[in-house]
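Hi,

Here is the structure I promised to pass on. Have a look at it first, and my notes on it follow below.

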There are 2 protein chains.
Amino acid sequence: MAEASDTKERILDTAERLFAERGLGQTSLRQITSQAEVNLAAVNYHFGSKQGLIKAVLGRRLEPLNRERIRRLDRLERAGELTLEGLIEAFIGPPLELSRDGGGGSRFVRLMGRTYTEHASFLHDHMRQANEGLVSRFKPAFRQVLPDLPKGELYWRLHFMVGVMSYVMAGNDMMQVLAASRSANPDEPREIIRRVVPFLVGGLRAPLPPELQEEASEAGTTEVAAGSG
Amino acid sequence: MAEASDTKERILDTAERLFAERGLGQTSLRQITSQAEVNLAAVNYHFGSKQGLIKAVLGRRLEPLNRERIRRLDRLERAGELTLEGLIEAFIGPPLELSRDGGGGSRFVRLMGRTYTEHASFLHDHMRQANEGLVSRFKPAFRQVLPDLPKGELYWRLHFMVGVMSYVMAGNDMMQVLAASRSANPDEPREIIRRVVPFLVGGLRAPLPPELQEEASEAGTTEVAAGSG
DNA sequence: GTCTATAAGTCGATAGAC
DNA sequence: GTCTATCGACTTATAGAC
(Lines give C-alpha, C1' and ligand atoms only; values in the text may rest on other atoms or scores of the structure.)
Protein backbone atom coordinates (compact mmCIF):
# COMPACT_ATOMS: atom_id res chain seq x y z
CA MET A 1 0.00 0.00 0.00
CA ALA A 2 2.93 2.31 0.56
CA GLU A 3 4.19 2.10 -3.04
CA ALA A 4 2.27 1.27 -6.16
CA SER A 5 4.18 -1.42 -7.98
CA ASP A 6 2.40 -2.08 -11.22
CA THR A 7 1.91 0.29 -14.12
CA LYS A 8 -1.77 0.89 -13.65
CA GLU A 9 -1.51 2.08 -10.07
CA ARG A 10 1.61 4.13 -10.75
CA ILE A 11 -0.37 6.00 -13.37
CA LEU A 12 -3.32 6.50 -11.02
CA ASP A 13 -1.12 7.77 -8.18
CA THR A 14 0.84 10.15 -10.35
CA ALA A 15 -2.24 11.41 -12.17
CA GLU A 16 -3.97 12.05 -8.85
CA ARG A 17 -1.07 14.16 -7.67
CA LEU A 18 -0.63 16.16 -10.85
CA PHE A 19 -4.35 16.71 -11.39
CA ALA A 20 -4.61 18.11 -7.86
CA GLU A 21 -1.58 20.35 -8.30
CA ARG A 22 -2.25 21.76 -11.76
CA GLY A 23 -5.81 20.95 -12.65
CA LEU A 24 -7.17 18.44 -15.14
CA GLY A 25 -6.77 20.46 -18.31
CA GLN A 26 -3.29 21.69 -17.49
CA THR A 27 -1.93 18.20 -16.89
CA SER A 28 -0.83 16.27 -19.96
CA LEU A 29 -0.55 12.53 -20.32
CA ARG A 30 3.12 13.03 -21.10
CA GLN A 31 3.72 14.70 -17.75
CA ILE A 32 1.94 11.87 -16.01
CA THR A 33 3.67 9.01 -17.77
CA SER A 34 7.14 10.52 -17.55
CA GLN A 35 6.84 11.18 -13.81
CA ALA A 36 5.28 7.75 -13.29
CA GLU A 37 8.14 6.30 -15.33
CA VAL A 38 5.85 4.34 -17.60
CA ASN A 39 5.32 4.46 -21.32
CA LEU A 40 3.04 7.07 -22.81
CA ALA A 41 0.91 4.49 -24.61
CA ALA A 42 0.17 2.70 -21.34
CA VAL A 43 -2.47 5.27 -20.43
CA ASN A 44 -4.57 4.55 -23.47
CA TYR A 45 -4.00 0.84 -23.08
CA HIS A 46 -5.23 0.75 -19.46
CA PHE A 47 -7.80 3.56 -19.40
CA GLY A 48 -8.79 4.08 -23.02
CA SER A 49 -8.48 7.87 -22.96
CA LYS A 50 -7.67 10.80 -20.75
CA GLN A 51 -11.31 11.03 -19.71
CA GLY A 52 -11.22 7.39 -18.71
CA LEU A 53 -8.16 8.05 -16.59
CA ILE A 54 -9.84 10.99 -14.86
CA LYS A 55 -12.91 8.92 -14.03
CA ALA A 56 -10.71 6.13 -12.70
CA VAL A 57 -8.74 8.52 -10.51
CA LEU A 58 -11.93 9.95 -9.03
CA GLY A 59 -13.80 6.68 -8.64
CA ARG A 60 -11.00 4.86 -6.87
CA ARG A 61 -11.37 6.96 -3.74
CA LEU A 62 -14.80 8.56 -4.05
CA GLU A 63 -16.75 5.36 -3.68
CA PRO A 64 -15.14 4.18 -0.43
CA LEU A 65 -15.22 7.75 0.85
CA ASN A 66 -18.97 8.08 0.38
CA ARG A 67 -19.52 4.63 1.86
CA GLU A 68 -17.68 5.78 4.98
CA ARG A 69 -19.84 8.91 5.26
CA ILE A 70 -23.00 6.85 5.00
CA ARG A 71 -21.62 4.33 7.51
CA ARG A 72 -21.15 7.12 10.04
CA LEU A 73 -24.65 8.38 9.45
CA ASP A 74 -25.99 4.85 9.97
CA ARG A 75 -24.13 4.62 13.26
CA LEU A 76 -25.52 7.94 14.48
CA GLU A 77 -29.04 6.89 13.67
CA ARG A 78 -28.75 3.45 15.22
CA ALA A 79 -27.37 4.96 18.43
CA GLY A 80 -30.22 7.47 18.51
CA GLU A 81 -27.63 10.25 18.60
CA LEU A 82 -28.50 12.14 15.45
CA THR A 83 -27.50 15.74 16.13
CA LEU A 84 -26.67 18.54 13.71
CA GLU A 85 -23.06 18.55 14.88
CA GLY A 86 -22.74 14.82 14.36
CA LEU A 87 -24.37 14.98 10.97
CA ILE A 88 -22.01 17.68 9.76
CA GLU A 89 -19.04 15.70 11.01
CA ALA A 90 -20.28 12.58 9.27
CA PHE A 91 -20.48 14.55 6.03
CA ILE A 92 -17.31 16.62 6.03
CA GLY A 93 -15.16 14.61 8.44
CA PRO A 94 -14.20 11.71 6.15
CA PRO A 95 -12.92 13.85 3.27
CA LEU A 96 -11.02 16.15 5.62
CA GLU A 97 -9.54 13.25 7.56
CA LEU A 98 -8.48 11.64 4.33
CA SER A 99 -6.11 14.55 3.87
CA ARG A 100 -4.15 13.37 6.93
CA ASP A 101 -3.18 10.27 4.99
CA GLY A 102 0.36 11.26 4.05
CA GLY A 103 -0.02 9.43 0.73
CA GLY A 104 -2.42 10.12 -2.07
CA GLY A 105 -5.41 10.88 0.14
CA SER A 106 -4.52 14.49 0.66
CA ARG A 107 -3.99 14.97 -3.05
CA PHE A 108 -7.31 13.42 -3.83
CA VAL A 109 -9.12 15.71 -1.41
CA ARG A 110 -7.61 18.77 -3.06
CA LEU A 111 -8.59 17.36 -6.44
CA MET A 112 -12.15 16.85 -5.23
CA GLY A 113 -12.32 20.42 -4.01
CA ARG A 114 -11.18 21.69 -7.36
CA THR A 115 -13.53 19.41 -9.24
CA TYR A 116 -16.55 21.35 -8.02
CA THR A 117 -15.37 24.45 -9.84
CA GLU A 118 -13.78 22.83 -12.88
CA HIS A 119 -16.55 22.75 -15.43
CA ALA A 120 -15.96 19.93 -17.82
CA SER A 121 -19.43 18.71 -18.67
CA PHE A 122 -18.56 15.01 -18.61
CA LEU A 123 -17.03 15.58 -15.18
CA HIS A 124 -20.09 17.37 -13.94
CA ASP A 125 -22.33 14.48 -14.89
CA HIS A 126 -19.91 11.99 -13.44
CA MET A 127 -19.72 13.73 -10.06
CA ARG A 128 -23.45 14.20 -9.87
CA GLN A 129 -24.04 10.53 -10.50
CA ALA A 130 -21.31 9.50 -8.08
CA ASN A 131 -22.84 11.63 -5.32
CA GLU A 132 -26.45 10.73 -5.91
CA GLY A 133 -26.64 8.05 -3.24
CA LEU A 134 -24.85 10.25 -0.76
CA VAL A 135 -27.21 13.17 -1.24
CA SER A 136 -30.37 11.10 -1.05
CA ARG A 137 -29.16 9.66 2.25
CA PHE A 138 -28.05 12.88 3.92
CA LYS A 139 -30.81 15.19 2.75
CA PRO A 140 -33.60 13.68 4.89
CA ALA A 141 -31.24 13.45 7.84
CA PHE A 142 -30.61 17.18 7.68
CA ARG A 143 -34.35 17.72 7.39
CA GLN A 144 -34.81 15.74 10.57
CA VAL A 145 -32.33 17.69 12.70
CA LEU A 146 -33.51 21.02 11.27
CA PRO A 147 -37.28 20.51 11.34
CA ASP A 148 -38.14 24.21 11.61
CA LEU A 149 -36.30 25.20 8.45
CA PRO A 150 -38.46 25.49 5.33
CA LYS A 151 -37.43 22.99 2.71
CA GLY A 152 -36.36 25.61 0.20
CA GLU A 153 -34.26 27.35 2.79
CA LEU A 154 -32.59 24.11 3.83
CA TYR A 155 -31.36 23.50 0.33
CA TRP A 156 -29.87 26.96 0.16
CA ARG A 157 -28.00 26.37 3.37
CA LEU A 158 -26.74 22.93 2.41
CA HIS A 159 -25.57 24.61 -0.78
CA PHE A 160 -23.58 27.11 1.29
CA MET A 161 -22.21 24.29 3.43
CA VAL A 162 -20.88 22.51 0.36
CA GLY A 163 -19.30 25.81 -0.63
CA VAL A 164 -17.35 26.01 2.60
CA MET A 165 -16.36 22.38 2.40
CA SER A 166 -15.14 22.47 -1.16
CA TYR A 167 -13.23 25.68 -0.56
CA VAL A 168 -11.48 24.24 2.46
CA MET A 169 -10.83 20.98 0.66
CA ALA A 170 -9.30 22.71 -2.32
CA GLY A 171 -6.70 24.07 0.07
CA ASN A 172 -7.21 27.68 -0.86
CA ASP A 173 -4.79 29.83 1.00
CA MET A 174 -6.74 33.06 1.09
CA MET A 175 -6.07 32.51 4.80
CA GLN A 176 -2.54 33.75 4.27
CA VAL A 177 -3.88 37.01 2.96
CA LEU A 178 -6.25 37.43 5.88
CA ALA A 179 -3.92 36.58 8.71
CA ALA A 180 -0.44 37.98 8.80
CA SER A 181 0.37 35.95 11.90
CA ARG A 182 -1.34 32.63 12.13
CA SER A 183 -1.79 30.74 15.34
CA ALA A 184 -2.98 27.55 13.69
CA ASN A 185 -1.97 25.43 10.74
CA PRO A 186 -4.85 25.47 8.26
CA ASP A 187 -3.67 22.21 6.74
CA GLU A 188 -4.31 20.18 9.87
CA PRO A 189 -7.66 18.46 9.30
CA ARG A 190 -8.67 18.01 12.95
CA GLU A 191 -8.05 21.70 13.39
CA ILE A 192 -10.22 22.56 10.41
CA ILE A 193 -13.06 20.32 11.57
CA ARG A 194 -12.93 21.81 15.05
CA ARG A 195 -13.26 25.29 13.61
CA VAL A 196 -15.65 24.72 10.77
CA VAL A 197 -18.31 22.66 12.54
CA PRO A 198 -19.39 25.48 14.89
CA PHE A 199 -19.42 27.87 11.94
CA LEU A 200 -21.67 25.56 9.94
CA VAL A 201 -23.93 24.81 12.91
CA GLY A 202 -24.35 28.54 13.42
CA GLY A 203 -25.10 29.10 9.76
CA LEU A 204 -27.51 26.22 9.38
CA ARG A 205 -29.34 27.12 12.61
CA ALA A 206 -29.48 30.86 11.90
CA PRO A 207 -32.92 32.45 12.36
CA LEU A 208 -34.82 33.28 9.22
CA PRO A 209 -34.85 36.94 8.20
CA PRO A 210 -38.23 38.61 8.86
CA GLU A 211 -39.43 38.59 5.26
CA LEU A 212 -38.91 34.84 5.02
CA GLN A 213 -40.70 33.96 8.23
CA GLU A 214 -43.98 33.35 6.39
CA GLU A 215 -42.56 30.43 4.47
CA ALA A 216 -41.62 28.75 7.72
CA SER A 217 -45.22 27.98 8.52
CA GLU A 218 -45.56 26.10 5.25
CA ALA A 219 -42.62 23.87 6.01
CA GLY A 220 -44.55 20.96 7.42
CA THR A 221 -47.27 21.02 4.80
CA THR A 222 -46.75 21.52 1.09
CA GLU A 223 -43.47 20.10 0.00
CA VAL A 224 -42.83 17.75 2.86
CA ALA A 225 -45.91 15.75 2.10
CA ALA A 226 -44.80 15.32 -1.50
CA GLY A 227 -41.24 14.44 -0.55
CA SER A 228 -41.96 11.76 1.98
CA GLY A 229 -44.91 10.15 0.19
CA MET B 1 -20.97 51.21 -22.94
CA ALA B 2 -23.47 48.71 -24.29
CA GLU B 3 -21.22 47.41 -27.07
CA ALA B 4 -17.46 47.48 -27.25
CA SER B 5 -16.49 48.98 -30.57
CA ASP B 6 -12.73 48.91 -30.83
CA THR B 7 -10.49 45.91 -30.98
CA LYS B 8 -9.05 46.16 -27.52
CA GLU B 9 -12.39 46.10 -25.75
CA ARG B 10 -13.81 43.42 -27.99
CA ILE B 11 -10.92 41.22 -26.94
CA LEU B 12 -11.44 42.04 -23.26
CA ASP B 13 -15.18 41.33 -23.41
CA THR B 14 -14.81 38.07 -25.28
CA ALA B 15 -11.91 36.90 -23.13
CA GLU B 16 -13.89 37.65 -19.99
CA ARG B 17 -16.76 35.52 -21.20
CA LEU B 18 -14.69 32.58 -22.37
CA PHE B 19 -12.39 32.59 -19.34
CA ALA B 20 -15.46 32.44 -17.10
CA GLU B 21 -17.06 29.66 -19.12
CA ARG B 22 -14.07 27.39 -19.67
CA GLY B 23 -11.32 28.52 -17.35
CA LEU B 24 -8.10 30.34 -18.12
CA GLY B 25 -6.01 27.39 -19.20
CA GLN B 26 -8.71 25.85 -21.37
CA THR B 27 -9.32 29.03 -23.35
CA SER B 28 -6.98 29.64 -26.27
CA LEU B 29 -6.17 32.97 -27.84
CA ARG B 30 -7.49 31.58 -31.09
CA GLN B 31 -10.90 30.96 -29.57
CA ILE B 32 -10.96 34.48 -28.19
CA THR B 33 -9.90 36.26 -31.35
CA SER B 34 -12.15 34.27 -33.65
CA GLN B 35 -15.24 34.92 -31.51
CA ALA B 36 -14.27 38.55 -31.05
CA GLU B 37 -13.78 38.75 -34.82
CA VAL B 38 -10.36 40.29 -34.55
CA ASN B 39 -7.01 39.11 -35.76
CA LEU B 40 -5.01 36.64 -33.70
CA ALA B 41 -1.96 38.87 -33.58
CA ALA B 42 -3.99 41.71 -32.03
CA VAL B 43 -3.81 40.07 -28.61
CA ASN B 44 -0.06 40.17 -28.48
CA TYR B 45 -0.03 43.65 -29.95
CA HIS B 46 -2.38 45.09 -27.31
CA PHE B 47 -1.58 42.99 -24.26
CA GLY B 48 1.86 41.54 -24.90
CA SER B 49 0.97 38.01 -23.92
CA LYS B 50 -1.82 35.81 -22.66
CA GLN B 51 -0.81 36.60 -19.08
CA GLY B 52 -1.06 40.28 -19.87
CA LEU B 53 -4.54 39.75 -21.25
CA ILE B 54 -5.63 37.87 -18.12
CA LYS B 55 -4.38 40.62 -15.85
CA ALA B 56 -6.14 43.25 -17.96
CA VAL B 57 -9.42 41.32 -17.85
CA LEU B 58 -9.25 41.03 -14.07
CA GLY B 59 -8.04 44.55 -13.34
CA ARG B 60 -10.65 46.27 -15.45
CA ARG B 61 -13.46 45.36 -13.06
CA LEU B 62 -11.72 44.36 -9.84
CA GLU B 63 -10.47 47.84 -9.00
CA PRO B 64 -13.83 49.66 -9.25
CA LEU B 65 -15.48 46.71 -7.50
CA ASN B 66 -13.21 46.92 -4.47
CA ARG B 67 -13.56 50.71 -4.39
CA GLU B 68 -17.33 50.26 -4.17
CA ARG B 69 -17.00 47.79 -1.28
CA ILE B 70 -14.79 50.20 0.64
CA ARG B 71 -17.15 53.09 -0.16
CA ARG B 72 -20.02 51.16 1.43
CA LEU B 73 -17.94 50.43 4.48
CA ASP B 74 -17.05 54.12 4.77
CA ARG B 75 -20.72 55.02 4.63
CA LEU B 76 -21.64 52.52 7.36
CA GLU B 77 -18.95 53.90 9.63
CA ARG B 78 -19.79 57.54 9.05
CA ALA B 79 -23.46 56.86 9.80
CA GLY B 80 -22.50 55.04 12.99
CA GLU B 81 -24.40 52.02 11.70
CA LEU B 82 -21.66 49.43 11.58
CA THR B 83 -23.38 46.09 12.14
CA LEU B 84 -22.29 42.59 11.20
CA GLU B 85 -25.13 42.29 8.71
CA GLY B 86 -24.20 45.57 7.07
CA LEU B 87 -20.55 44.66 6.95
CA ILE B 88 -21.23 41.35 5.25
CA GLU B 89 -23.44 43.06 2.71
CA ALA B 90 -20.79 45.67 2.02
CA PHE B 91 -18.33 42.87 1.35
CA ILE B 92 -20.32 40.38 -0.68
CA GLY B 93 -23.09 42.61 -2.04
CA PRO B 94 -21.15 44.45 -4.75
CA PRO B 95 -19.78 41.33 -6.47
CA LEU B 96 -23.13 39.57 -6.29
CA GLU B 97 -25.01 42.61 -7.56
CA LEU B 98 -22.55 42.94 -10.38
CA SER B 99 -23.91 39.65 -11.69
CA ARG B 100 -27.25 41.36 -12.34
CA ASP B 101 -25.56 43.46 -14.97
CA GLY B 102 -26.78 41.63 -18.03
CA GLY B 103 -23.49 42.36 -19.79
CA GLY B 104 -20.01 41.28 -18.83
CA GLY B 105 -20.47 41.79 -15.09
CA SER B 106 -22.01 38.41 -14.48
CA ARG B 107 -19.26 36.72 -16.46
CA PHE B 108 -16.62 38.55 -14.51
CA VAL B 109 -18.11 37.48 -11.19
CA ARG B 110 -18.05 33.85 -12.24
CA LEU B 111 -14.47 34.30 -13.39
CA MET B 112 -13.53 35.78 -10.01
CA GLY B 113 -15.12 32.86 -8.21
CA ARG B 114 -13.11 30.44 -10.30
CA THR B 115 -9.93 32.41 -9.88
CA TYR B 116 -9.74 31.50 -6.21
CA THR B 117 -9.37 27.83 -7.09
CA GLU B 118 -7.33 28.14 -10.28
CA HIS B 119 -3.75 27.90 -9.13
CA ALA B 120 -1.54 29.71 -11.55
CA SER B 121 1.18 31.24 -9.40
CA PHE B 122 1.30 34.54 -11.26
CA LEU B 123 -2.47 34.79 -10.82
CA HIS B 124 -2.24 34.05 -7.15
CA ASP B 125 0.22 36.87 -6.58
CA HIS B 126 -1.81 39.21 -8.72
CA MET B 127 -5.05 38.59 -6.84
CA ARG B 128 -3.38 38.84 -3.48
CA GLN B 129 -1.91 42.20 -4.36
CA ALA B 130 -5.17 43.43 -5.88
CA ASN B 131 -7.08 42.53 -2.71
CA GLU B 132 -4.57 43.83 -0.21
CA GLY B 133 -6.21 47.20 0.36
CA LEU B 134 -9.62 45.59 0.64
CA VAL B 135 -8.52 43.13 3.29
CA SER B 136 -6.68 45.67 5.41
CA ARG B 137 -9.81 47.83 5.46
CA PHE B 138 -12.37 45.12 6.23
CA LYS B 139 -10.38 43.07 8.73
CA PRO B 140 -10.46 45.64 11.58
CA ALA B 141 -14.12 46.35 10.86
CA PHE B 142 -14.98 42.70 11.39
CA ARG B 143 -12.91 42.77 14.57
CA GLN B 144 -14.98 45.66 15.78
CA VAL B 145 -18.39 44.05 15.25
CA LEU B 146 -17.19 40.70 16.62
CA PRO B 147 -15.22 41.87 19.65
CA ASP B 148 -15.63 38.64 21.63
CA LEU B 149 -14.12 36.44 18.94
CA PRO B 150 -10.44 35.61 19.46
CA LYS B 151 -8.33 36.97 16.64
CA GLY B 152 -7.22 33.55 15.42
CA GLU B 153 -10.80 32.35 15.34
CA LEU B 154 -11.95 35.42 13.45
CA TYR B 155 -9.53 34.68 10.62
CA TRP B 156 -10.77 31.13 10.35
CA ARG B 157 -14.32 32.33 10.06
CA LEU B 158 -13.55 35.04 7.52
CA HIS B 159 -11.78 32.30 5.62
CA PHE B 160 -14.98 30.24 5.64
CA MET B 161 -16.99 33.28 4.58
CA VAL B 162 -14.77 33.77 1.55
CA GLY B 163 -15.34 30.11 0.79
CA VAL B 164 -19.09 30.54 0.65
CA MET B 165 -18.78 33.72 -1.36
CA SER B 166 -16.43 32.34 -3.97
CA TYR B 167 -18.48 29.18 -4.34
CA VAL B 168 -21.67 31.13 -4.89
CA MET B 169 -19.90 33.51 -7.24
CA ALA B 170 -18.49 30.72 -9.31
CA GLY B 171 -22.08 29.72 -10.00
CA ASN B 172 -21.68 26.15 -8.90
CA ASP B 173 -24.85 24.29 -9.44
CA MET B 174 -24.48 21.63 -6.81
CA MET B 175 -27.83 23.12 -5.85
CA GLN B 176 -29.42 21.21 -8.67
CA VAL B 177 -28.22 17.98 -7.13
CA LEU B 178 -29.53 18.90 -3.71
CA ALA B 179 -32.96 20.14 -4.67
CA ALA B 180 -35.07 18.23 -7.13
CA SER B 181 -37.71 20.95 -7.11
CA ARG B 182 -36.44 24.44 -6.57
CA SER B 183 -38.60 27.24 -5.34
CA ALA B 184 -36.05 29.95 -5.97
CA ASN B 185 -33.75 30.91 -8.77
CA PRO B 186 -30.18 30.65 -7.46
CA ASP B 187 -28.93 33.04 -10.12
CA GLU B 188 -30.88 36.00 -8.79
CA PRO B 189 -28.36 38.00 -6.74
CA ARG B 190 -30.82 39.71 -4.39
CA GLU B 191 -32.18 36.27 -3.60
CA ILE B 192 -28.71 34.93 -2.87
CA ILE B 193 -27.81 37.87 -0.64
CA ARG B 194 -31.07 37.53 1.29
CA ARG B 195 -30.30 33.88 1.97
CA VAL B 196 -26.58 33.96 2.52
CA VAL B 197 -26.33 36.89 4.92
CA PRO B 198 -28.25 35.15 7.75
CA PHE B 199 -26.18 32.02 7.15
CA LEU B 200 -22.94 33.97 7.44
CA VAL B 201 -24.13 35.97 10.44
CA GLY B 202 -25.01 32.72 12.18
CA GLY B 203 -21.65 31.21 11.31
CA LEU B 204 -19.58 34.22 12.29
CA ARG B 205 -21.50 34.67 15.55
CA ALA B 206 -21.49 30.99 16.49
CA PRO B 207 -20.39 30.25 20.07
CA LEU B 208 -16.90 28.85 20.50
CA PRO B 209 -16.65 25.13 21.18
CA PRO B 210 -15.78 24.38 24.83
CA GLU B 211 -12.12 23.53 24.24
CA LEU B 212 -11.54 26.89 22.54
CA GLN B 213 -13.19 29.00 25.24
CA GLU B 214 -9.86 29.62 26.98
CA GLU B 215 -8.48 31.55 24.04
CA ALA B 216 -11.43 33.89 24.18
CA SER B 217 -10.20 35.47 27.39
CA GLU B 218 -6.94 36.43 25.70
CA ALA B 219 -8.68 38.17 22.87
CA GLY B 220 -8.70 41.64 24.36
CA THR B 221 -5.11 41.51 25.58
CA THR B 222 -2.26 40.06 23.60
CA GLU B 223 -2.76 40.55 19.92
CA VAL B 224 -5.26 43.38 20.00
CA ALA B 225 -2.78 45.65 21.73
CA ALA B 226 -0.24 45.02 19.01
CA GLY B 227 -2.76 45.38 16.22
CA SER B 228 -4.25 48.69 17.22
CA GLY B 229 -1.05 50.38 18.37
C1' DG C 1 1.70 -5.60 -21.76
C1' DT C 2 5.27 -2.65 -23.20
C1' DC C 3 7.57 -0.26 -26.54
C1' DT C 4 8.77 3.07 -30.90
C1' DA C 5 7.21 5.97 -34.22
C1' DT C 6 4.12 8.91 -35.95
C1' DA C 7 -0.28 10.88 -37.25
C1' DA C 8 -3.07 14.96 -37.00
C1' DG C 9 -4.03 18.62 -34.57
C1' DT C 10 -3.51 22.52 -31.15
C1' DC C 11 -0.98 26.03 -28.74
C1' DG C 12 1.46 30.91 -27.83
C1' DA C 13 4.23 34.01 -30.00
C1' DT C 14 6.44 36.66 -33.71
C1' DA C 15 8.44 38.34 -38.23
C1' DG C 16 7.41 41.18 -41.73
C1' DA C 17 4.19 43.09 -45.42
C1' DC C 18 0.80 46.68 -45.77
C1' DG D 1 -2.89 49.13 -36.00
C1' DT D 2 -4.07 45.17 -38.77
C1' DC D 3 -3.04 41.40 -41.54
C1' DT D 4 -0.74 36.64 -43.37
C1' DA D 5 2.26 33.14 -42.71
C1' DT D 6 4.87 30.48 -40.03
C1' DC D 7 8.02 28.65 -36.26
C1' DG D 8 8.73 25.42 -32.69
C1' DA D 9 6.76 23.13 -29.18
C1' DC D 10 3.15 20.85 -27.38
C1' DT D 11 -1.11 17.82 -27.23
C1' DT D 12 -4.09 13.19 -27.51
C1' DA D 13 -4.36 9.10 -29.66
C1' DT D 14 -3.05 5.07 -32.47
C1' DA D 15 -0.69 1.58 -35.54
C1' DG D 16 2.26 -1.97 -35.37
C1' DA D 17 6.80 -4.36 -33.84
C1' DC D 18 8.28 -7.22 -30.05
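One definition before we start: the expected span of a helix is 1.5 Å times one less than its number of residues. Helices here are DSSP runs (H or I, at least four residues; strands are E, at least two), numbered from the N terminus. Please keep in mind that this is a predicted model, in which local features need pLDDT of at least 70, side-chain atom pairs count only at pLDDT 80 or more, and totals for chains, interfaces and linings use all residues. Residues are numbered from 1 along each chain as its sequence is written, chains are lettered from A and ligands numbered from 1 in the order in which they are written, and side-chain values use heavy atoms, with hydrogens and water left out.

Two helices to begin with. Helix α10 of chain B (residues 189-204) has 16 residues, so at 1.5 Å a residue it should span 22 Å; its end C-alpha atoms are 21 Å apart, which agrees. Of those 16 residues, 14 are buried (under 20% relative accessible area, with exposed being over 50% and partly exposed in between, using a 1.4 Å probe and protein chains only).

Helix α6 of chain A (residues 104-115) passes the check too: its 12 residues should span 16 Å at 1.5 Å each, and the end C-alpha atoms are 16 Å apart. This helix is mostly covered, with 9 of its 12 residues buried; among them are A:Phe108, A:Leu111 and A:Arg114. What do the buried residues of α6(A) pack against? Their partners are α1 (7-22), α4 (50-78), α5 (84-98), α7 (121-130) and α9 (151-169) of chain A.

Next, the interior. The largest nonpolar core (buried Ala, Val, Leu, Ile, Met, Phe, Trp, Tyr and Cys residues joined through side-chain atoms within 4.5 Å) has 133 residues. Those with the most contacts inside it are Leu53, Ile88 and Phe142 of chain A, and B:Leu53, B:Ile88 and B:Phe142. Leaving aside residues up to four places away in sequence, B:Leu53 touches B:Ile11, B:Leu12, B:Ala15, B:Phe19, B:Leu29, B:Ile32, B:Val43 and B:Phe47 (contact means heavy atoms within 4.5 Å).

Now the DNA. An unreviewed UniProt entry lists residues 28-47 of chain A as "DNA-binding region"; such annotations may be inferred rather than shown by experiment. Over that stretch the chain is 75% helix and 0% strand.

DNA strand C is surrounded by 15 residues, and the closest include A:Asn39, B:Ser28 and B:Arg30 (near means a heavy atom within 4 Å). Of the strand C atoms within 4 Å of the protein, 55% belong to sugar or phosphate and the rest to bases. Polar side-chain atoms of A:Thr7 and B:Ser28 lie 2.9 Å and 2.7 Å, respectively, from a phosphate oxygen of strand C (a polar contact is a pair of N or O atoms within 3.5 Å). The largest share of the surface near this strand, 3 residues, comes from α3(A).

DNA strand D also has 15 residues around it, with A:Ser28, A:Arg30, A:Asn44, B:Thr7 and B:Asn39 coming nearest. Backbone N or O atoms of A:Leu29 and A:Lys50 each lie 3.0 Å from a phosphate oxygen of strand D. For B:Asn39, a polar side-chain atom is 3.3 Å from a phosphate oxygen of strand D. Here α3(B) gives the largest share of the nearby surface, 3 residues.

Cheers

How values were computed:
A polar contact is a pair of N or O atoms within 3.5 Å; within protein, one must be able to donate a hydrogen and the other to accept it, and residues adjacent in sequence count only if both atoms are side-chain atoms.
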